[in-house]
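Trainee: I'd like to go through this one label by label and hear the reasoning behind each. Can you put up the model?

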Amino acid sequence: MKEAQAIIDKALGEGRTSLSEYESKDLLRLYGIPVTREVLVEDRKQFLKAATDIGYPLVIKGCSPDLTHKTERNLVRVDIRNAEEAGAAFEDLMSRLEGETRTLLVQEMVRGSRELVVGMTRDPQFGPCVMFGLGGIYTEILRDVSFRVAPLEQRDAVQMTQEIRGRKILEAFRGMPAADKEMLCQILIKVGEIGLENGAIKEIDINPLILSGNKPVAVDALVVLSDASASS
């Protein structure tokens, strides 16, 4: 896909080994993976317009290719409910980005208590391998994940969703609807396609993939690149 390749080529041309969150989700969007509505801004005027256009509540994050651990660096503000809170968050985050690329990501606040993770890693022997499991803080704690080598068929994706120990989280539970498993399986298949079609991508991390109602939405994402010689 030419548009995806252009995003990757731009990063590689700048000597980067990762895409920003905005670029990562832009790439996912090109493949039909649902992502948050968001706008990248560089100044207060752009920021205020983005906040108005998207509407409250908002999530506001520092965003640049070198910010791969935003939460650890205290560069994420969630559940911003009005213009006053937004203005304060803008000033605070911009002050923390002194000396760096001073860009912010203004993003819709996606509600949902069920968090999943979807990923891809390029194995030296098997090539792109797709991962699915419980997301958020539970990814590293529980390590409840399933893997398949790309390309994935529908049955592979279905099996992945059934193999994790916490699979009941996808069912109707305490007033929450059952997850849209068809959409979830398509996301797994598409992530495999991205890995197969873009040789310069080393890893993809979509975490969390939140169930908003029953629909999965990529709330955060990181695409890690190999060097330019791996691009095809």
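Mentor: What follows is a run through some labels and the values behind them. Keep in mind that this is a predicted model.

Trainee: Fine. Why is N198 called buried?

Mentor: Buried means under 20% relative accessible area. N198 has 1% relative accessibility, so it counts as buried. As for its place, N198 is found in the loop between α7 and β8.

Trainee: What makes the link from the side chain of N198 to I194 a polar contact?

Mentor: The distance cut-off is 3.5 Å between N or O atoms. The side chain of N198 reaches the backbone oxygen of I194 at 2.9 Å, so the pair is within the cut-off. Leaving out residues up to four places away in sequence, N198 also touches A4, Q5, I8, Y31 and R122.

Trainee: On to the nonpolar cores. What does the largest one consist of?

Mentor: The largest nonpolar core has 41 residues. L27, L28, F132, V191, I201, I204 and I206 have the most contacts inside it. At least two residues each come from α1 (2-13), α2 (21-30), β5 (115-123), β6 (127-134), α6 (154-163), α7 (181-197), β8 (201-212) and β10 (221-225). The biggest contributor is α7, with seven residues.

Trainee: What does I204 touch?

Mentor: Not counting residues up to four places away in sequence, I204 touches L28, V118, G119, M120, V191, I194, L222 and V223. There is also a second, separate core of 17 residues, with L58, L75, F90 and L104 among them. As background, nonpolar side chains tend to be buried together in soluble globular proteins.

Trainee: Now the backbone. What makes the phi of D79 worth flagging?

Mentor: Phi of D79 is near 55°, a positive value in a residue other than glycine. Most residues other than glycine have a negative phi. R174 is flagged as well, with a positive phi near 50°.

Trainee: Are D79 and R174 buried or exposed, and how do you know?

Mentor: D79 has a relative accessible area of 19%, and the cut-off for buried is under 20%, so D79 is buried. R174 has 78%, and exposed means over 50%, so R174 is exposed. D79 is found in strand β3 (residues 76-80), while R174 is in the loop between α6 and α7.

Trainee: Which peptide bonds are listed as cis, and with what omega?

Mentor: The bond from Y56 to P57 is cis, with omega near 0°. The bond from A150 to P151 is cis too, with omega near 5°. P57 is in the loop between α3 (44-54) and β2 (58-62), and P151 is in the loop between β7 (145-149) and α6. For context, most peptide bonds are trans.

Trainee: Why does D180 count as buried?

Mentor: D180 has a relative accessible area of 17%, which is under 20%, so D180 is buried. D180 is in the loop between α6 and α7.

Trainee: And which backbone nitrogens does the side chain of D180 pair with?

Mentor: A polar atom of the D180 side chain lies 3.3 Å from the backbone nitrogen of E182. The D180 side chain also reaches the backbone nitrogen of M183 at 3.0 Å. Both distances are within 3.5 Å, so both pairs pass the distance test for a polar contact. Apart from neighbours within four places in sequence, D180 is in contact with N214, K215 and P216.

Trainee: Why is F147 called partly exposed, while R155 is called exposed?

Mentor: Partly exposed runs between the 20% and 50% cut-offs. F147 has 43% relative accessibility, so it is partly exposed. R155 has 58%, which is over 50%, so R155 is exposed. F147 is in strand β7 and R155 is in helix α6.

Trainee: What does F147 touch?

Mentor: Not counting residues up to four places away in sequence, F147 touches V130, M131 and M160.

Trainee: Last one: what is known about the second largest pocket?

Mentor: Its volume is about 160 Å³. The lining includes K10, E14, R16, Y22 and C63. By class, that lining has four nonpolar, four polar and four charged residues.

Technical notes: Residues are numbered from 1 along each chain as its sequence is written. This is a predicted model: local features need pLDDT of at least 70, side-chain atom pairs count only at pLDDT 80 or more; totals for chains, interfaces and linings use all residues. Side-chain values use heavy atoms; hydrogens and water are left out. A nonpolar core is a set of buried Ala, Val, Leu, Ile, Met, Phe, Trp, Tyr and Cys residues joined through side-chain atoms within 4.5 Å. Buried means under 20% relative accessible area, exposed over 50%, partly exposed in between (1.4 Å probe, protein chains only). Helices (H or I, at least four residues) and strands (E, at least two) are DSSP runs, numbered from the N terminus. Contact means heavy atoms within 4.5 Å. On a 1 Å grid over the protein atoms alone, a cavity is a set of points where a 1.4 Å probe fits but cannot get out, and a pocket is an open set with protein on both sides within 12 Å along at least five of seven lines; lining residues have an atom within 4 Å of a point. Grid points are joined across faces, edges and corners, and a volume is the space filled by probe spheres set on the points. Ala, Val, Leu, Ile, Met, Phe, Trp, Tyr, Cys and Pro count as nonpolar, Asp, Glu, Lys and Arg as charged, and the others, Gly among them, as polar. A polar contact is a pair of N or O atoms within 3.5 Å; within protein, one must be able to donate a hydrogen and the other to accept it, and residues adjacent in sequence count only if both atoms are side-chain atoms.
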